[in-house]
Amino acid sequence: MVEVQSQTTSPKPMVIRRCTEVPIAVGSPSASEMRRRRRRHSRLMSNASSVVSAAAAGIPTSDKHKISNNEALMHMVKATIGGGFLAMPEAFHNIGIVMGVVGTIILGLSVLNMMSCIVRCSQTLRSGKYVDIILAEQNGNKTVANGENNGNDNSKLPPRQRYSNELLLPPMDYPDTVAAVFTYRAQGRFAKYASFARHFTSTILVATYYGVNIIYVCIVASTSKQLIDQYTANAAVDSWRHSLHGLSIRWYPIIISVLIVPVGMVRLIKYLVPFSVAANACLLAGTAAVFYFILIGGQDSLAPEEQAKLVVWPATRWTLFAGSALCSLEGVGMLLHIENAMSRPLELVGPPSYTLHRAMVVIVTMNSALGLFGYLRYGDRCEGSISLNLPQDNRLSEVIKIMIALGILLTYGLQLTVTTDLAWQGLRSKLVKSMGGSNNDDDVAKDDDSSPNMITYYYSMRFILILGTIMVAVAVPDIGPLVSLVGSVGFSLLGLVVPVIMETVWYWSEEDEDNSLEQDCLEGKTVTTSETTVTDVGTTAAVDGRPATTVAVAADGSERRPSSRGRGYRRAIRHLKNLILLLLSLLALVGGAFYNIRDIMAGAFGDGSPAPTI
């Protein structure tokens, strides 16, 4: 049901309020009602990973506890402090001082551009003319969904109504946003690929963040080995402590599994959030102490060949840097969850706050500083996690190593829950189909996630995933190549390749370019009417999620669009930019995957020591 509140004299923009009527089932549910319940349950399950992802970053999911712009900035910065961030000095080791700083800035700008595109597409699809189309499709009204609005053509609506930026639809996660772009943009040319795009994005999300879990196991195992070797160095030969000294790194993932399995098997969010709070405190304190040791701690003597270099050759090693840097800079998995929790979501990529832009300035600065000063301090001795380079004869450094390892360990359960819930969506649908999926009450009880069968399947899958991270960490104990592999493959696809394709679909045709006027308005550019000039974020126009020049609305309601030459220039520049980003991301993906897999295979058949340099 749509209620339009007209305004003939007030200069304020029109606000469209929408609500849906929910039928109340009386008596025994019919077959159609049971199918509706199953569809609703499926939608709830699809949002489960969003809720858990928000909890993993400490983001409130209730409408009563929305976060401010500054809180959103802190959540985005905090989400990047992990395995990738601690590997930045080792990333600089693969490219050198000069190219490391330049490369971090270039990658940061690229990531910012693509994440801004994701947010704007999501916001535009939840506002303006797309609301009627999406609601009609969800309600089964194919006529409106296909653009036949029974005479209510969007192009005939008043500009302020058609270009409204009110976020009227529920939040969408990343895979849903990609699928919606394929479905509703480019005049439906790519709608048949929407389902594939959603499943592909979800699969990459699962694989990438599962790889992050493996990195966590490797960091905890390497830190444990370093500490145990230090405290058992002077143990008596006939004591049990001496048997632990010099134990192969491959045993440590199995040893720490006594801690990882209990933490990883916790499912309920209310029990996981305290782990997240403690983990954030440990990681933030550990990061501050790492900077202290790098900048103020005693200087180790480095051989001339081990000292930091301005530029590292051959250039094939630069792809290793790109993978590690992307693993640290990317926050695409948490991006829309943060936006959905904001009290003023339009200010994530729009004025006056530009929260995402300010967060990326902080993230790029922190990563550049840690990579630069860490590499200057430790040179070619940089480990896959900078915490492993801290002094081994210092009590404070030992405490910091324990805090970082503990923070990573406590984050493991939350990170695994995000991966598990995404994987569970696919597995659950197959289980329901294999059980017959009829409309009987007994079958519905069996399909319910609280049923004993489903609980058993869920925890069995979760336990298998935990064992998988441990076994991979046993086979691949070296952190550096693993971080670079996850970044070069997973985050290149999630943060660069998929957004580039999504933006290309969004601006596919000249008609799309001509009908797109909304993103400049999201950015706060002027919308002129016969009565007033509107520049406030809450009253600016937004349509289709693409940048455009100023929209002038004449007294008769018509629009004065920018010249065709200007649109052509912008379209050409945008496609050229996307082509360059696609080539660079594919280069990082292919090159990083090749060299990292080679190093991983070399280490897998050795003693766990790092493979020789390229």
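**Exercise 1. Find out what the charged end of Arg574 sits over in this predicted model.**

Step 1. Start at Arg574 and follow its side chain to the charged end, which sits over the ring of Tyr507.
Step 2. Check the distance: the charged end is 3.7 Å from the centre of that ring.
Step 3. Now try another arginine. Arg185 lies over the face of Trp506, at 4.5 Å from the ring centre.

**Exercise 2. Decide how the rings of Phe182 and Phe190 are arranged.**

Step 1. A search of the whole structure gives nine aromatic pairs.
Step 2. For Phe182 and Phe190, the ring centres are 6.5 Å apart and the planes meet at 80 degrees. Planes over 60 degrees apart count as edge-to-face, so this pair is edge-to-face.
Step 3. Tyr292 and Phe293 make an edge-to-face pair too, with 5.4 Å from centre to centre and 75 degrees between the planes.
Step 4. Look at the surroundings. Phe182 and Phe190 are both buried. In the other pair, Phe293 is buried, with a relative accessible area of 5%, whereas Tyr292 is partly exposed at 40%.
Step 5. Finally, widen the view: Phe182, Phe190 and Trp508 form one aromatic cluster.

**Exercise 3. Work out whether helix α10 (residues 174-184) is mostly covered or mostly open.**

Step 1. Count the buried residues: nine of the eleven in α10 are buried, so the helix is mostly covered.
Step 2. Name some of them. Among them are Tyr174, Pro175, Val178, Phe182 and Tyr184.
Step 3. Ask what does the covering. The elements over the buried residues of α10 include α6 (97-125), α7 (130-138), α11, α17 (332-341) and α22 (479-506).
Step 4. Look at the two ends. At the N-terminal end, Asp173 acts as a cap, with a side-chain oxygen 3.0 Å from the backbone nitrogen of Asp176. After the helix comes Ala186, whose phi is positive, near 55 degrees.

**Exercise 4. Place Tyr174 within the largest nonpolar core.**

Step 1. This core has 133 residues, and Tyr174 is listed with Leu125, Val290, Leu335, Leu348, Leu356 and Met360 as touching the most other members.
Step 2. Helix α11 (residues 194-231) supplies the largest share of the core, 16 residues.
Step 3. Leaving out residues up to four places away in sequence, Tyr174 touches Ile118, Thr201, Val332, Leu336, Leu494, Val498 and Pro499.

**Exercise 5. Look for unusual backbone geometry in the loops.**

Step 1. Recall the usual picture: most residues other than glycine have a negative phi, and most peptide bonds are trans.
Step 2. In the loop between α10 and α11, Gln187 has a positive phi near 55 degrees. Gln187 is exposed, with a relative accessible area of 53%.
Step 3. Move to the loop between α17 and α18, where Tyr354 lies. Tyr354 has a positive phi of about 50 degrees and is partly exposed, at 28%.
Step 4. Pro352 lies in the loop between α17 and α18 as well. A cis peptide bond joins Pro351 and Pro352, with omega about -5 degrees.

**Exercise 6. Judge how confident the predictor is along the chain.**

Step 1. The mean pLDDT is 76, and 71% of the residues reach 70 or more.
Step 2. Find a stretch with low values: over residues 1-28 the pLDDT is below 50, although the model shows 39 contacts there beyond near neighbours in sequence.
Step 3. Residues 143-164 also fall below 50, with 46 such contacts.

Notes: Residues numbered from 1 in each chain as written. Heavy atoms only, no water. Phe/Tyr/Trp six-rings, centres within 6.5 Å; stacked < 30°, edge-to-face > 60°. Buried < 20%, exposed > 50% of the residue type's maximum accessible area, 1.4 Å probe, protein only. Lys NZ or Arg CZ within 6 Å of the ring centre and 35° of its normal. Core = buried A, V, L, I, M, F, W, Y, C linked by side-chain atoms within 4.5 Å. Helix = DSSP H or I, 4+ residues; strand = E, 2+ residues; numbered from the N terminus. Contact = heavy atoms within 4.5 Å. Polar contact = N/O pair within 3.5 Å; in protein donor to acceptor, adjacent residues only side chain to side chain. pLDDT = per-residue confidence, 0-100.
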